[in-house]
Amino acid sequence: MPSIHVMSPTLASQVAAGEVVERPASVVKELVENSLDAGAKFVRVEIRRGGVGMIKVTDDGSGMSRADAELCTKRHATSKLSSLEELFEITHLGFRGEALPSIASVSRFKLCTRQQQDLEGWEIRIDGGLEHEPRSSGVSPGTAIEVADLFYNTPARRKFLKSAETEASHVEHQIRLHALAYPQVRFAYKRDDQLVFDLPATADLRVRISALTDAATAAALIPIETTIGPGISITGFLLPLSEARRTRKGQYVFMNTRPVEDQLINRAIRDGYGGFPTGLHPALFLYMEVEPALVDVNVHPAKKEVRFRRSADVVNTIVEAIANTLQKHARQEIHAAAAPEPERILPAPSTTAPHEEIPARSTNPGSAFPAAARPAPASSASQPPLSSSARQSHGPVLPPTLRAIPLKQVPATQGKLDFHRQEDEETARNAHENAASERDASAGFSYLGTLRQQFALFETPEGLVLMHPKAARERIIFERLRARREAPMPSQQLLDPVVLDLDPRDFAVIRQFAPHFDQAGMAVTPFGQNTIRIESIPALLELENARAFLLELVDRLTQSEFSRNAKRVAYETFIGEFARKSAWRERISPHRAPAILKDLLACEVPYCTPGGKPTLVNYSVPEIKRKFGLQA
């Protein structure tokens, strides 16, 4: 074993950089936090080649003297802490004193700074940890830091970076987080010499959110009334269920102006909603002010995670804030539903409740919240709100750009209309021929009847089997469509293409995998910064909300190993959605149950739907005997 020795300062900084500097977005985070700590009122960020070529952050903050400028690039140098007691009452974003030396050790680093009262500024240059002599510089008051050729001297780290498009999307997301946390600060962002946004300072948080999202999202914001707990204050905005995502991309949580990711907070948010559909995460903008002594922000190198000293108080306050907001909004919804609406036709409630799905965006945000979060109507004299099933049958109220889309009649449409009648004759014929050549897997099943016109009952040598015919049909349709994977899905051209503004990370995914969208029958093209245009949709789908469906697909791509499986995930998501909608709209008579069972058992995966819901439930004879207290 080699003898123990002390690492060189450069090596120590590069090791620290492995914790602090994961990607260009990490550099932007550290530099912007320093600017905000310096009291900047205007922060400008510029990048090239996704931040690998160059990152420059300029601010109009307090600036530094020559002595401070030289010290700020030394390890563990900080102006934020002077005693151990202060470590447990952090009031600044940065305090470790490792960011700048770590960044400078893996890049070509230049810092120019000047205090307001000084006549000249100073320039500090460091190349891969090698410091140059400071020199005077004629710069404006404030600080400008330029980081070029990131990881040029650590090529192994550079190999782990994604494409310039992906890295730039993470940089933009980081800037947006700070812009949401500090609406009183002006933020400008340029990418490859093109201005992406310039956000003026504002005292109205809703204005800042509106500038970083789209008009429909801003209109759906539901204010959280300020809620006070022991040492904590909660405010912000909720969004309806239509904005829910399969990832937490729609959740923006800030604690003392610090963007945080915390499992405790995530659970409290779900509890505040009174439960939430499985696999979905609510969207919201949550702002927490916590006494510094009650929270420890020094538990993660990148300061993303925090630890609360009285976690129960935090959870209770978050739950109270969200639950009270939902209840108040539900009461407003009840009053709105009781008001006369001459042009609105209320349908009879549906008797079936299909799979949970993300409803289309609604201009009445409360209508999309889980029923558990709504109070019961106070009086039967007033018109109650529509049930969730009635809303699905009535159809959502959509803003103009997301209403039912007029479609050109193209030959693919005929295939859609004939699908249920013909059952894709060629594929079905092949499937039946293959099934006939083998032993009939359903031969041992004796049909007994139906339970409440919803479940088919079969007796087998082992016991009793219940089949959900619509879930079974979903699996059957899915596998028959999947057999045609090599052929592109038929598409339908839109008369009026749908233009959508997206999160930069979602935009990067869509651009990267545009060919796979084409394969699945959905033409999506870039249409400006973080904006896409949907020009066609799969002919087999009836999409009332193209945006919700598109984000569903993006989330699945994000969660998968999409570098290898993007084409399969995109295609199977489309056909899975079509199979689900098709099967659950069918009218299935009881006498079809044996034929459906036969087709189901011929499937590759007969025991669940593409979404993982069971198609068959088995009760063995020993299990049934045990329930009756008999010997098995």
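How do strands β1 and β2 pair, and over how many bridges? They pair in the antiparallel sense, over 6 bridges. The points below start from the whole chain and return to that pair in turn. The model is a predicted one.

1. **Overall content.** The secondary structure comes to 21 helices and 23 strands. The protein has 632 residues, and 50% of them count as buried. Among contacts with a separation of 6 or more, 71% are between residues 24 or more positions apart.

2. **β1, β2 and β7.** Strand β1 covers residues 42–48, and strand β2 covers residues 54–59. Within their antiparallel pairing, V45 has V57 of β2 as its bridge partner. The hairpin of β1 and β2 has 5 residues between the strands. R49 in this hairpin takes a positive phi near 50°. β2 is also joined to strand β7 (residues 142–148) by 6 bridges, and these two run antiparallel. There, T58 stands opposite A144 in β7. β2 is mostly covered, with 5 of its 6 residues buried.

3. **Helices α2 and α7.** Helix α2 spans residues 24–37 and helix α7 spans residues 164–181. Their axes lie 8 Å apart, and the packing angle is about 25°. The two helices are therefore roughly parallel to each other. Their crossing is right-handed. On the α2 side, the contact is made by P24, A25, V28, K29, V32, E33 and L36. The α7 side supplies E167, H170, V171, Q174, I175 and H178. By class, this contact has 7 nonpolar, 3 polar and 3 charged residues.

4. **The five-stranded sheet.** A second region to check is an open sheet of 5 strands, in the order β10-β11-β14-β12-β13. Its pairing is mixed. The edge strands are β10 (222–229) and β13 (258–259), and each pairs on one side only. β10 is joined to strand β11 (residues 232–238) by 6 bridges, and the two run antiparallel. In this pair, I222 stands opposite L238 in β11.

5. **Helices across that sheet.** α7 lies across β12 (251–255), β13 and β14 (284–290). Its direction makes an angle of about 55° to β12. Helix α11 (residues 311–338) lies across β10, β11 and β14. α11 runs at about 145° to β10. Thus β14 is crossed by α7 and also by α11.

6. **A181 as a local check.** Where does A181 sit, by secondary structure? It lies in helix α7. Is A181 buried or exposed? At 7% relative accessibility, A181 counts as buried, the cut-off being under 20%. A181 touches F254, T257 and Y287, leaving aside residues up to four places away in sequence. Of these, F254 falls within the range of β12 and Y287 within that of β14. The C-alpha atoms of A181 and M255 are separated by 9.1 Å, although the two residues are 74 residues apart along the chain.

7. **Helices α10 and α11.** Helix α10 (residues 263–272) and α11 cross at roughly 35°, and their axes come within 8 Å. The crossing is right-handed. From α10, the contact uses L264, I265, A268, I269, D271 and G272. From α11, it uses S311, V315, I318, V319, I322, A323 and L326. These residues divide into 10 nonpolar, 2 polar and 1 charged. α11 thus has a contact with α10 and also lies across strands of the five-stranded sheet.

8. **The four-stranded sheet.** Another open sheet has 4 strands, in the order β17-β18-β19-β23, with antiparallel pairing. β17 (446–451) and β23 (616–620) stand at the edges. Each has a single partner strand, so one side of each is left without a neighbour in the sheet. Neighbouring strands here are turned by 25° against each other on average, direction ignored. Strand β19 (residues 463–467) is joined to β23 by 5 bridges, and the two run antiparallel. L466 stands opposite V617 in β23.

Definitions and conventions
Residues numbered from 1 in each chain as written. Predicted model: local features only at pLDDT ≥ 70, side-chain atom pairs only at ≥ 80, totals over all residues. Heavy atoms only, no water. Axes fitted to C-alpha atoms, helices over the stretch in contact; angles between N-to-C directions. Parallel < 35°, antiparallel > 145°, perpendicular 65-115°, else oblique. Left-handed = near helix turned anticlockwise from the far one by under 90°. Contact = heavy atoms within 4.5 Å. Nonpolar A, V, L, I, M, F, W, Y, C, P; charged D, E, K, R; others polar. Pairing = 2+ DSSP bridges. Buried < 20%, exposed > 50% of the residue type's maximum accessible area, 1.4 Å probe, protein only.
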